[in-house]
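Hello,

Here is the structure for you to load. My notes follow below it.

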Amino acid sequence: MEILDTGNKIIKNVNRVAFGKGSFSSLQELISNKVSDTGYGIIFLDSYFADKNLFQVHERCEIILVDTSQEPKTSKIDEIMDSLRNKHCELPDVIVGIGGGSTLDTAKACSNLFTNPGSAADYQGWDKVKNPGVFKIGVPTISGTGSEATRTCVMTNTHSGLKLGMNSDYTVFDHIILDPILTSTIPRNQYFFTGMDAYIHCMEALEGNYRNPVGDAYSRETLKLCREVFRSKDMLETSCREKLMVASYLGGCSIATSYVGVVHPFSAGLSVVLGIHHCEANCIVMNAMEEFYPKYYEEFHSMAKEQDVQLKKGVASQLTDEQYDRLYESTIIHEKPLYNALGSDFKKVLTKEKVKEIFKKM
Ligand SMILES: [Fe+2]
């Protein structure tokens, strides 16, 4: 495929990356250095860790548990921000996100909203955030989404049906801690689905029209690490969890410089209309991607088989016309990735009938 010249790129990376087994212990000191005697910090913690005593909470920090049974909604982010603004007159000194992609994205969105007026939906899109947010630290506890590295925080706007983040340099974390010990208790299927998000991001990027050499290098290395993990005997073994953590980070860096393709728009449709979580939705979409990504379709399914992971089938095979209409709308709205994958005529390829047929295959 011809690589289109997309001009010069400016890449914003995370300022500091702490990596290694036990690196999570550095969080305490980091927070202490940031929070003044009269200030405060906010820690967004995945509710999964509510009773796990993961760390000792700094005395001037407030914990907000993030319910990850549903992915972030603009309305939920606004609700959190309203309650925080009512409670505090001053800005926090630090915001920390500890958890999976949803928790990290919640932390990123709130960091931006503390210094930018209005509601979360006002900033869905590209470069709408005007002021730098509150200093933020990200600690992923599952690998794959790349949220720890990206310049976005994905949220669903239930009014418009739009699933879109605040794409901005200001959304990038200031500091992240990558400690593979934190990913040791993840259920097998969830580990696979989430890890595959990195694989899918990067294969979509490499198969796209809009590419650049930096993004390509990140993507190739991410795919290599994902293959090492998902082709190994035990994908959950320590060295694999370490590799997948790196793959997730590099995959996030890749996405910060390139675009996804056909899988993510369809996956967004499944999330918006049927409420299926992003990473599992991606894997379900792969059931119907033979036509668009034949090589990766084969490889993905053989890795799922090797790791004994079962994918749901038929989730969109018998829906109402109204549901298919909504699926079509919430897929086709993602013009940038579809343009990247299929060119300017993508609406001629993905007609309403064709989109319905693809969903039925899942
Ligand atoms: Fe993704």
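The cysteines come first: the disulfide count in this predicted model is zero. C61 takes part in no disulfide, and the nearest cysteine sulfur belongs to C110, 15 Å away. C61 is also buried, since its relative accessible area is 13%. C153 tells a similar story in its own numbers. Its closest cysteine sulfur is again in C110, at 8.9 Å, and that is too far for a bond. The cut-off for a disulfide is 2.5 Å between the sulfur atoms. C153 is buried, with a relative accessible area of 0%.

Next, the metal site. Which residues supply the protein donors of the iron ion? They are D197, H201, H264 and H278. D197 appears twice in the donor list, each time through OD, while H201, H264 and H278 each give NE2. The donors lie 2.1 to 2.8 Å from the iron ion. Along the sequence, the donor residues follow the spacing D-x3-H-x62-H-x13-H. H201 sits in helix α4 (residues 188-206) and H264 in helix α7 (residues 263-274), so this pair ties together parts that are 63 residues apart in sequence.

Are H201 and H264 buried or exposed? H201 has 6% relative accessibility and so counts as buried. H264, at 12%, counts as buried too. The cut-off for buried is under 20% relative accessible area.

Then the pocket. The second largest pocket has a volume of about 360 Å³. It is lined by 21 residues, and T156, T158, S271, V272 and V273 are the closest to its centre. Which elements give two or more residues to this lining? They are β7, α7 and α10 (321-332). Helix α7 therefore turns up twice in these notes: it holds the iron donor H264, and it contributes to the pocket lining. By residue class, the lining divides into six nonpolar, eleven polar and four charged.

β7 also belongs to a sheet. Three strands make up this open sheet, in the order β5-β8-β7, with mixed pairing. β5 (125-126) and β7 (154-157) stand at the edges with a single partner strand each, so one side of each has no neighbour in the sheet. β5 and strand β8 (residues 162-167) run parallel and are joined by two bridges. Within that pairing, W126 stands opposite N167 in β8.

Last, two residues of helix α3. G101 is placed in this helix, which covers residues 101-115. G101 is buried, with a relative accessible area of 14%. Its C-alpha lies 19 Å from that of L27, and the two residues are 74 apart in sequence. F114 lies in helix α3 as well. At 13% relative accessibility, F114 counts as buried. From the C-alpha of F114 to that of V94 the separation is 11 Å, and their positions lie 20 residues apart in the chain count.

For a first look, these are the places to open:

- The iron ion, with donors from D197, H201, H264 and H278.
- The centre of the second largest pocket, with T156 and S271 among the closest residues.
- The edge strands β5 and β7 of the open sheet.
- C153 and C110, whose sulfurs are 8.9 Å apart.

Best regards

Definitions and conventions:
Residues numbered from 1 in each chain as written. Predicted model: local features only at pLDDT ≥ 70, side-chain atom pairs only at ≥ 80, totals over all residues. Heavy atoms only, no water. Donors = N, O, S within 2.8 Å, 3.2 Å for Na, K, Ca; no water. Helix = DSSP H or I, 4+ residues; strand = E, 2+ residues; numbered from the N terminus. Buried < 20%, exposed > 50% of the residue type's maximum accessible area, 1.4 Å probe, protein only. Pairing = 2+ DSSP bridges. 1 Å grid on protein atoms, 1.4 Å probe; cavity = no way out; pocket = protein on both sides within 12 Å on 5 of 7 lines; lining within 4 Å. Points joined across faces, edges and corners; volume = space filled by probe spheres on them. Nonpolar A, V, L, I, M, F, W, Y, C, P; charged D, E, K, R; others polar.
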